[in-house]
Amino acid sequence: MEQNPGKEVQATRNQERIAFLLVVAVIFPLLTILIVAGYGFLVWMWQLFYAGPPTG
């Protein structure tokens, strides 16, 4: 059985690069959208049931 440690290291680096791009391009933007939308929904419900509409 022949082992090639350099190929494993290259595969690991490629997997890390793909994981990094997935986190940066997909997961963080989705989390940001969900957090902002959730906060907006909470404020909307709070105004609807307790505080009333904002007055100027």
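This passage describes the overall form of a predicted model and then the local features of its helix.

The protein contains 1 helix and 0 strands. Its C-alpha atoms fill a box of roughly 75 × 20 × 10 Å when taken along the principal axes, and the radius of gyration is 23 Å, whereas a compact globule of 56 residues would have a value near 10 Å. In keeping with the topic of overall form, 0% of the 56 residues count as buried. The protein exposes about 5,500 Å², and carbon and sulfur atoms supply 70% of this area.

Helix α1 comprises 47 residues, from residue 5 to residue 51, and at 1.5 Å a residue these should span 69 Å; the C-alpha atoms at its two ends are 64 Å apart, which agrees with that expectation. The helix is followed by Gly-52, a residue whose phi is positive, near 80°.

Within α1 there is a kink of about 35°, and this kink is centred on Val-23. Val-23 itself has a relative accessible area of 28% and is therefore classed as partly exposed, because that figure falls between the 20% below which a residue is buried and the 50% above which a residue is exposed. When neighbours within four places in sequence are left aside, Val-23 is in contact with Phe-28 and Pro-29.

Ile-27 also has its place in helix α1, and its relative accessibility of 36% means that Ile-27 likewise counts as partly exposed. Between Ile-27 and Ala-37, which lie 10 residues apart along the chain, the separation of the C-alpha atoms is 15 Å.

Aromatic pairing was also examined. A pair of aromatic rings is described by the distance of the centres and the angle of the planes. The count comes to 1 aromatic pair, formed by Phe-41 and Trp-44, with 5.9 Å from centre to centre and 70° between the planes. The arrangement of Phe-41 and Trp-44 is edge-to-face, because the angle of 70° is over the limit of 60 degrees that applies to this class. Phe-41 and Trp-44 are 3 residues apart in helix α1, so that about one helical turn separates them. An α-helix has 3.6 residues a turn, so residues three or four places apart point the same way. Phe-41, with a relative accessible area of 45%, is partly exposed.

Terms used. Residues numbered from 1 in each chain as written. Predicted model: local features only at pLDDT ≥ 70, side-chain atom pairs only at ≥ 80, totals over all residues. Heavy atoms only, no water. Helix = DSSP H or I, 4+ residues; strand = E, 2+ residues; numbered from the N terminus. Expected span 1.5 Å × (residues − 1). Bend = angle between axes of the 7 residues up to and from the residue. Buried < 20%, exposed > 50% of the residue type's maximum accessible area, 1.4 Å probe, protein only. Contact = heavy atoms within 4.5 Å. Phe/Tyr/Trp six-rings, centres within 6.5 Å; stacked < 30°, edge-to-face > 60°. Rg over C-alpha atoms; globule rule 2.2 N^0.38 Å. Areas by Shrake-Rupley, 256 points an atom, 1.4 Å probe, with all protein chains shown as cover.
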